[in-house]
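I set out to record what can be read from the coordinates of this chain. The entries below follow the order in which I looked things up.

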Amino acid sequence: FRGTSNNVGWFADAASWRLVALETRPGQPHCFAGDKRCRVGAGFYESYRSIVHYIEGNLSEIGCGPGGLPVDITGHSLGAAQAAIAQYDLTMAGYTMGRAVTFGAPRTGNWAFSAAFRALIKNGTSYRVTQAQDPIVHLPPMNAVGGGYCHVPTEISYAGTVAQGYQQGDGTGENLHLADEDWHWPRMLKACADDMSSCKHLHYMADAMKIEMDGLSCTNGTVQGLLAGVLV
């Protein structure tokens, strides 16, 4: 799942500050954690629902349908939020999930979704990579209007370069001693807007990979809409 590369993607992400109930498929139980209903960002959810049928068709064609070969998932930014929803949805639908690694994910849903995700997804199969000075991993804020936003596990946090190593979270989703420790996201967001070339959201694994992770770079597009990619 690629990151935002146009204004449609940006508006989808802006809409995701509004939480909506995660609807399950016919015959499946509703998603709850205790007595709390699972909710996810509206923009994330609608963008995932708009493509899930194509995804399922493509997976079936390569032998990865329900009960088939394992499905590995990756995504960046908006795509990382879609990937989290996909992990839950496809697992519930009977797909065999392999590993998932996402980069620069915003908070996808509420505490109940994070708890249900932890209960469903096998420990050690899903990793959410963050790095210092990426503003998007702090959004939407946990205490934003609507409230209850929470990351899904498991965080892999880089405070410096890849060569300097990483720290792994405890599997709860939110780890105050990792990326959450630096909560000054408005400053980080302004830094990205002022200088796109050094925006940490677009340069994951930068000492190992030399292309920007803005969605457009993956499709041989132009740099138009790059700011929208930063503001995922």
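**Entry 1. The nonpolar cores**

I began with the largest nonpolar core, which has 32 residues; Leu 22, Cys 38, Ile 73, Ile 85, Leu 90 and Phe 113 touch the most other members. I then noted the contributors: helix H2 (42-49), helix H3 (52-61), strand E5 (71-76), H4 and helix H5 (111-120) each supply at least two residues of this core. H4 gives the most, with eight residues. I found a second, separate core of eight residues, which includes Tyr 127, Val 137, Ile 156 and Tyr 158. I keep in mind throughout that the model is predicted. As background, nonpolar side chains in soluble globular proteins tend to be buried together.

I next listed the contacts of Leu 22, leaving aside its neighbours within four places in sequence. Leu 22 is in contact with Cys 31, Arg 37, Cys 38, Arg 39, Val 40, Tyr 45, Ile 85, Tyr 88 and Phe 113. Of these partners, I had already met Cys 38, Ile 85 and Phe 113 among the core members that touch the most others.

**Entry 2. Helix H4**

I turned to H4 for its part in the core. Does the distance between its ends fit its length, and what span should its 15 residues have? Helix H4 covers residues 78-92, and at 1.5 Å a residue it should span 21 Å, the expected span being 1.5 Å times one less than the number of residues. I read 22 Å between its end C-alpha atoms, which agrees.

I asked how many of the residues of H4 are buried. The count is 13 of 15, and H4 is thus mostly covered. After the helix comes Gly 94, whose phi is positive, near 95°.

I picked Gln 87 as a polar residue to follow within H4. Is Gln 87 buried or exposed? Its relative accessibility is 4%, and because buried means under 20%, Gln 87 counts as buried. Leaving aside neighbours within four places in sequence, I found Gln 87 in contact with Ile 73, Met 97, Ala 100, Phe 117, Ile 121 and Ser 126.

**Entry 3. The sheet beside H4**

I traced an open sheet of five strands in the order E5-E6-E8-E10-E11, with mixed pairing. Its edge strands are E5 and strand E11 (167-168), each of which pairs on one side only. Within the sheet, strand E6 (residues 97-103) and strand E8 (residues 126-131) pair in the parallel sense over four bridges. I noted Thr 102 opposite Arg 128 in E8. H4 packs on this sheet and touches E5, E6 and E8, with its direction at about 155° to that of E5.

**Entry 4. Cysteines**

How many disulfides does the structure hold? I found two. With the bonded cysteines numbered in sequence order, the pairing is 1-2, 3-4.

In one disulfide, Cys 31 and Cys 38 have their sulfur atoms 2.0 Å apart. The torsion about this S-S bond is about -60°, so the disulfide is left-handed. I recorded both partners as buried, Cys 31 with a relative accessible area of 1% and Cys 38 with 0%.

The other joins Cys 192 to Cys 199, at 2.2 Å from S to S. Here the torsion is about 75°, so the disulfide is right-handed. Cys 192 is buried at 2% relative accessibility, and Cys 199 is buried with a relative accessible area of 1%.

I also looked up two further cysteines. Cys 64 counts as buried at 8% relative accessibility, and Cys 150 counts as buried at 7%.

**Entry 5. Thr 154**

Where is Thr 154 found? I located Thr 154 in the loop between strand E9 (149-150) and strand E10 (155-158). At 5% relative accessibility, this loop residue counts as buried. Leaving aside neighbours within four places in sequence, Thr 154 is in contact with Asn 123, Ser 126, Tyr 127, Arg 128, Gln 168, Gly 169 and Gly 171. Thr 154 and Arg 118 are 36 residues apart in sequence, and I read 9.0 Å between their C-alpha atoms.

I closed by comparing contact lists: Ser 126 is in contact with Gln 87 of H4 and also with Thr 154.

Notes. Residues numbered from 1 in each chain as written. Predicted model: local features only at pLDDT ≥ 70, side-chain atom pairs only at ≥ 80, totals over all residues. Heavy atoms only, no water. Buried < 20%, exposed > 50% of the residue type's maximum accessible area, 1.4 Å probe, protein only. Core = buried A, V, L, I, M, F, W, Y, C linked by side-chain atoms within 4.5 Å. Contact = heavy atoms within 4.5 Å. Disulfide = S-S within 2.5 Å. Pairing = 2+ DSSP bridges. Axes fitted to C-alpha atoms, helices over the stretch in contact; angles between N-to-C directions.
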